[in-house]
Amino acid sequence: MNNIYDVIILGAGPAGLAAGLYAGRSCLKTLIIEKGQDGGQIAITDEIENYPGCNVEEESGPSLMARFTAQAAKFGCDRVSDTIKEVQLEGKVKKLIGVKGEYEAKVVILATGAFPRPIGCKNEGKFVGKGISFCATCDANFFEDFEVFVVGGGDSAVEEAMYLTKFARKVSIIHRRDELRAAKSIQEKAFKNPKMNFIWDSVVEEVDGDELLNKMVLRNVKTGELTTYEADEEDGLFGLFGFIGMVPNSGLFEGQIEMERGYIKTDEDMHTNIEGVYAAGDIRVKSLRQVVTAAADGAIAAMQAEHYLSNLE
Ligand code: NAP
């Protein structure tokens, strides 16, 4: 049983790292598996001002996440960088099969989060990384003095659009309705920003270009009218950022665990329908997907895991 972990945590976002901190601190033999960089979605977020206790003036996603990572490491969590291809969650020993190896544990905490929903227009795939982006923090500097469009009307779209105004000469929000979903305080700042422009009741139908994105067709959802936007001849390119919500990273667990619209169902103590399997953070059905709620989920899942393990023969 030596190579069997007490707890394997899948995903090193706020939920997974908080679970690691609590499991490690409870002296459980813990492994965190992550295929990419730590922090998940929050690692690509520019400003964090609503995580309690964060440094309001200068906290960024990466700075906050670096402290989460260091804290989990301090309490002795093992780390592996691998992509898990298959999970076997039933039974007393759970197995995760990755590209680089196989991992076993008595408890698994699923904290795989979610990824940005594609814009859903024709030719989108051809222009991701060539004008289309889902991360302002990563790609804003490529659009210094260019024109940029942002799809969406929620907090993410409006906040990221504001961030993009620090780089782009003009930022237009394309929203499918005629009012934003974003919090009123965020809206107020956006409406006051002279670089911001709003294209209401519209969706992106199609994108095009030679090598880089320089043309798109918008459809007005009320009138059906199609409008073609072309990049300035001098620019030869514009940016298109998508912030229209998230898709859960749960394909791996399909058919094994109870889900609702792709999100894992848990009780308030993070138990899934499988004994010894917990879910935490954005991957689970919940009403508020924030760093603070993800971290709380991770802590609860780890403490429940500790109770479960102490009752095992
Ligand atoms: P969201 O609140 O779900 O907003 C998604 C936006 O995209 C909505 O405006 C929606 O339009 C639009 N949309 C959805 N599907 C679309 C489609 N197929 N085509 C075009 N538009 C589409 O997502 P989010 O902004 O990513 O925020 C997610 C959660 O994180 C929210 O709870 C939010 O409050 C939170 N968040 C908080 C902060 C903060 O507090 N600072 C920052 C970022 C995110 P409709 O409005 O018409 O539905």
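**Two domains and a ligand**

In this predicted model, six residues of domain 1 are in contact with eight residues of domain 2.

Q: How is the protein chain divided into domains, and how many Å separate the centres of domain 1 and domain 2?
A: The chain is divided into domain 1, which takes in 4-116 + 246-310, and domain 2, which takes in 124-242. Taken over C-alpha atoms, the centres of domain 1 and domain 2 are separated by 32 Å.

Q: Which three residues supply 75% of the area that domain 1 buries against domain 2?
A: The area buried between domain 1 and domain 2 is about 530 Å², and carbon and sulfur atoms give 52% of this area. On the side of domain 1, the three residues that supply 75% of the buried area, more than any other three, are Ile 44, Asp 46 and Pro 116.

Q: How many salt bridges does the rule find across the interface of domain 1 and domain 2?
A: The side of domain 1 that touches domain 2 has two nonpolar, one polar and three charged residues. A salt bridge needs a side-chain nitrogen of Lys or Arg within 4 Å of a carboxyl oxygen of Asp or Glu, and across this interface the number found is zero.

Q: Where does the ligand lie with respect to domain 1 and domain 2?
A: Domain 1 and domain 2 both give residues to the shell around the ligand, so the ligand lies between them.
By class, this shell has two nonpolar, eight polar and six charged residues, and the place asked for is between domain 1 and domain 2.

Q: Which residue has a polar side-chain atom 2.8 Å from an oxygen atom of the ligand?
A: Among the 16 residues around the ligand, those that come nearest are Asp 155, Ser 156, Arg 176, Arg 177 and Arg 181. The residue whose polar side-chain atom lies 2.8 Å from a ligand oxygen atom is Ser 156.

Conventions:
Residues are numbered from 1 along each chain as its sequence is written. This is a predicted model: local features need pLDDT of at least 70, side-chain atom pairs count only at pLDDT 80 or more; totals for chains, interfaces and linings use all residues. Side-chain values use heavy atoms; hydrogens and water are left out. A residue is near a molecule or strand if one of its heavy atoms lies within 4 Å of it. A polar contact is a pair of N or O atoms within 3.5 Å; within protein, one must be able to donate a hydrogen and the other to accept it, and residues adjacent in sequence count only if both atoms are side-chain atoms. Ala, Val, Leu, Ile, Met, Phe, Trp, Tyr, Cys and Pro count as nonpolar, Asp, Glu, Lys and Arg as charged, and the others, Gly among them, as polar. Domain bounds come from an automatic or database domain assignment. Contact means heavy atoms within 4.5 Å. Buried area is the accessible area (1.4 Å probe) that two parts lose on being put together, summed over both.
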